[in-house]
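Hi there,

Here is the structure I promised to pass on to you. Have a look at it first, and then read on for what turned up in it.

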Amino acid sequence: MVTPAFLSVALLLLLPAIPAQNNDLYPIDVVVVNRIDGTPDATYRTDVVYRGILLGAMRRLMQSDSDFKFTYTENLDYGPYLESVNGVAGNAEDHTYWALLVKKENGTVTWSNVGIGCYIPQANDQITLNFTKW
């Protein structure tokens, strides 16, 4: 005989998991660095939702600050690829591109191993979009 408690537990296991919703916004800084053209660094403050991706925070920033603009293309295999920031685009002939660096609250700086469509910023991260050469 199957007990009602067992049926309840079994039913719960069959239901799809519903992710917890947390719409709190967390501040991050986006720093644009372009040593190639000698442009002064620019720092922008924006927000990201809990577990939200950097691309969403950058879109939010572009909507709220007319001085910040970016473009990207969608790569079929790797997702969004950052093309340009504030009118400056990477160029294969010049071997230039936009690199993504992350400075955590504890001061450590790392190169991101994922792009703007996969990186999940934490509160108070400093995201550096660094125009550089390979």
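Let's start by walking along the chain: from the N terminus on, its elements follow the order α-β-β-α-β-β-β-β-β-β. That comes to 2 helices and 8 strands. Please keep in mind that this is a predicted model, so every value below is computed from that prediction.

A few overall numbers may help you get your bearings. The protein chain has 134 residues, and 31% of them are buried. Its accessible surface is about 9000 Å², with carbon and sulfur atoms holding 56% of that area. If you take the contacts between residues at least 6 apart in sequence, 50% of them join residues at least 24 apart.

**The sheet**

Now find the open sheet of 5 strands, which has mixed pairing. In which order do its strands lie? The order is 2-1-8-6-7. At the edges you will see strand 2 (39-49) and strand 7 (109-111), each of which pairs on one side only. From one strand to the next, the twist averages 25°.

As background, the strands of a sheet pair through backbone hydrogen bonds, and they can do so in a parallel or an antiparallel way. Strand 1 is a nice place to see this. Its pairing with strand 2 is antiparallel and has 9 bridges, while strand 1 (residues 25-34) runs parallel to strand 8 (residues 126-133), joined to it by 6 bridges.

D29 lets you follow the pairing to both neighbours. In strand 2, the residue opposite D29 is R45; in strand 8, the residue opposite D29 is Q126. Beside these, I28 has T46 of strand 2 opposite it.

How many of the 10 residues of strand 1 are buried? The count is 7, so we can call this strand mostly covered, given that buried means under 20% relative accessible area. Helix 2 (residues 54-64) lies across strand 1, strand 2, strand 6 (96-103) and strand 8. Relative to strand 2, helix 2 runs at about 110°.

**Turns and loops**

Strand 1 and strand 2 form a hairpin with 4 residues between the strands. In this hairpin, G38 takes a positive phi near 75°.

Two residues that are not glycines have a positive phi as well, so do look them up. R51 has a phi of about 65° and sits in the loop between strand 2 and helix 2. Is R51 buried or exposed? With a relative accessible area of 52%, R51 is exposed, because the cut-off for that word is over 50%.

The other is N124, with a phi near 70°, in the loop between strand 7 and strand 8. Its relative accessible area is 36%, so N124 counts as partly exposed.

**The largest pocket**

Finally, look for the largest pocket, which has a volume of about 340 Å³. Its lining is made up of 18 residues. Which of them lie nearest its centre? They are P80, Y81, V114, G115 and I116. Strand 4 (79-85) and strand 6 each supply at least two residues of this lining.

A good way to begin is to find D29 and look across to R45 in strand 2 and to Q126 in strand 8. Enjoy exploring!

Best wishes

Terms used:
Residues are numbered from 1 along each chain as its sequence is written. This is a predicted model: local features need pLDDT of at least 70, side-chain atom pairs count only at pLDDT 80 or more; totals for chains, interfaces and linings use all residues. Side-chain values use heavy atoms; hydrogens and water are left out. Buried means under 20% relative accessible area, exposed over 50%, partly exposed in between (1.4 Å probe, protein chains only). Contact means heavy atoms within 4.5 Å. Accessible areas come from the Shrake-Rupley method with a 1.4 Å probe; for residues, only the protein chains shown count as cover. Two strands pair if DSSP finds at least two bridges between them. Axes are lines fitted to C-alpha atoms, for helices over the stretch in contact, and angles run from 0 to 180 degrees between N-to-C directions. On a 1 Å grid over the protein atoms alone, a cavity is a set of points where a 1.4 Å probe fits but cannot get out, and a pocket is an open set with protein on both sides within 12 Å along at least five of seven lines; lining residues have an atom within 4 Å of a point. Grid points are joined across faces, edges and corners, and a volume is the space filled by probe spheres set on the points.
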